[in-house]
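Reader: I would like a close look at a single part of this model, the strands and the loop that joins them. Please keep to what can be computed from the atoms.

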Amino acid sequence: MNPVKPAPLTADVVATHAGPDTLTVTDNRTGKKYELPITNGTIRALDLRQIKVNGKDFGMMSYDPAFINTALCYSKITFIDGDAGILRYRGYPIEELAEKSTYLETAYLILHGELPTAKQLEAWTYHITHHTFIHESIKKFLDGFHYDAHPMGMMISTIAALSTFYPDAKDIFNEESRRKQIYRMIGKMPTLAAFAYRHSLGMPFEYPDNDLSYAGNFLNMLFKTTELKYHPNPTLERALDVLFILHADHEQNCSANAMRGVGSSHVDPYSATAAATAALYGPLHGGANEEVLRMLMEIGSVSRVPDYIKRVKVGEHKLMGFGHRIYKNYDPRARIIKRIADEVFEVMGRNPLTEIALECERIALEDDYFISHKLYPNVDFYSGLIYQSMGFPMTMFPVLFAIPRTSGWIAQWEEMLLDREQKIARPRQIYLGQEQRSYIPIESRA
Ligand code: ACO
């Protein structure tokens, strides 16, 4: 529990007892001093509450719009050092996982904390593979959407609808039930995504093929036409799997925060995942890769890049795919994606927008505005180019992000549920509105 002190320490006590792992605060309004414990380089916001002008005072709060300097939780899942450009899942560097692991193995790691043994991986893969089918009624929901409905809208709705098919998911403190929902969510996300895509094309849905890998089956459900058996191109299958690894988790980002916040009401995980997916849809988050492609198409040619950058610098628009709340260095995922892009282009041909992207990066990395603002390419800058080359329409880009991020969301959700310090998320506000006033009859209003 939070170690809230019942009464402020006197200045004398503070002076003689202040330990090295404390923060001494002087309230200049009262002259009182307070000693706040520092744990893991952090003070507890609730410890500020003891700082009061008088007995009626509610106590001090911290004001932090957009949680820029507020830690919401202790977490053991993902580590990011934004200045150094480091990303690790459960201690393993993203570069090593991208080179040696698979998405399903990484998802296991993220959710369980350790890499699986061969037997554990086999069982995990079996369970996920055997939960890929969706109820036939879900197809009817999909049929209700317009042909040009954005697939993220379809995803959000159908993920939420899953909660109505699995009422057992409400039993969130039952570990066995949670396991089941985890298999279902990771298993069904590619199916929902592929069905949404096929709906937009007016093509019949293609059912999962259990012989194929997670990424291979997804490609099968998306692209299979008349062939009896779909054989994914191994380069594209691996590229997609690596992209899934890179997108699996990213600690307390906007959608993970939505997952934790909504999940903190103890709603079922499908409803919370629908909320997280909605958060990911926004152009400042997972919708950015779609925006990057639109921007590159708008720029149109390498010669027009300098002018576009000039307009970015005067604030006309942002350079999409650049900048990050946490990374103040090159996003390590962007580096890996750049490499995969070359592999994909070898199979599919070079995306003509690549030259424009490279020129944007080249100019931006040498420009004072971007250097001083610490704006570097993020994960979304190059991923859209790969997706487009692989044949995905732009509207599918955020969907390709949501599929792998599901494992991260669920891990964040489960960690939140099992953390005994967590409660329903309910921030405070600083009310700056009107004091109490009497209702004015309409005929008396000015
Ligand atoms: N292009 C131009 N200027 C930028 C950009 C950009 N892409 N990003 C930030 N800036 C500028 C801001 O205008 C601001 O300038 P100022 O201090 O002179 O006013 C400064 O850099 C700080 O920007 P903030 O918006 O305050 O930074 P914040 O941490 O809130 O935002 C964000 C991070 C949302 C990612 C932002 O950089 C952005 O909008 N980037 C473009 C969208 C994008 O690529 N999003 C994907 C992020 S990765 C992901 O979610 C998976």
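Author: Two strands count as paired if DSSP finds at least two bridges between them. With that in hand, the strands can be taken in order. The model is a predicted one. Its mean pLDDT over the chain is 94, and 96% of the residues reach 70 or more. Residues 1-15 have a pLDDT below 50; beyond near neighbours in sequence, this stretch makes 25 contacts in the model.

Strand β1 covers residues 22-27 and runs antiparallel to β2, to which 6 bridges join it. Within this pair, Leu23 of β1 stands opposite Leu36 in β2. The two strands form a hairpin with 4 residues between them. In its turn, Gly31 has a positive phi of about 80°.

After β2 (32-37) comes the loop that leads to β3 (78-81), and Cys73 is placed in this loop. Cys73 has a relative accessible area of 18%; the cut-off for buried is under 20%, so Cys73 is buried. Neighbours within four places in sequence aside, Cys73 is in contact with Gln252, Arg260 and Gln422. Another residue remote in sequence is Asp419: 346 residues separate Cys73 and Asp419 along the chain, while their C-alpha atoms are 8.7 Å apart in space.

The loop between β2 and β3 also holds Phe67. Its backbone has a positive phi near 50°, in a residue other than glycine. Phe67 has a relative accessibility of 45%, and therefore counts as partly exposed. A positive phi is also found at Lys374, which is not a glycine either; the value there is about 55°. Lys374 is located in the loop between α16 (368-372) and α17 (379-389). With a relative accessible area of 41%, Lys374 is partly exposed.

Back at the strands, β3 has two faces: Thr78 and Ile80 are on the covered one, Phe79 and Asp81 on the uncovered one. In a regular strand the side chains alternate between the two faces of the sheet. The partner of β3 is β4 (residues 86-89), which runs antiparallel to β3 and is joined to it by 4 bridges. From the covered face of β3, Ile80 has Leu87 as its bridge partner in β4. From the uncovered face, Asp81 has Ile86 as its bridge partner in β4. The hairpin of β3 and β4 has 4 residues between the strands, and Gly85 there takes a positive phi near 70°.

These two strands belong to an open sheet of 3 strands in the order β3-β4-β5, with antiparallel pairing. Its edge strands are β3 and β5 (92-93), each of which pairs on one side only.

One further feature is the second largest pocket, with a volume of about 270 Å³. Elements that give two or more residues to its lining are α4 (118-129), α8 (214-223) and α9 (234-246). There are 18 lining residues, and Leu104, Thr125, Ser213, Tyr214 and Ala215 lie nearest the centre of the pocket. By class, the lining of this pocket divides into 7 nonpolar, 7 polar and 4 charged residues.

Methods: Residues are numbered from 1 along each chain as its sequence is written. Side-chain values use heavy atoms; hydrogens and water are left out. Buried means under 20% relative accessible area, exposed over 50%, partly exposed in between (1.4 Å probe, protein chains only). Contact means heavy atoms within 4.5 Å. pLDDT is the predictor's confidence in each residue, from 0 to 100. On a 1 Å grid over the protein atoms alone, a cavity is a set of points where a 1.4 Å probe fits but cannot get out, and a pocket is an open set with protein on both sides within 12 Å along at least five of seven lines; lining residues have an atom within 4 Å of a point. Grid points are joined across faces, edges and corners, and a volume is the space filled by probe spheres set on the points. Ala, Val, Leu, Ile, Met, Phe, Trp, Tyr, Cys and Pro count as nonpolar, Asp, Glu, Lys and Arg as charged, and the others, Gly among them, as polar.
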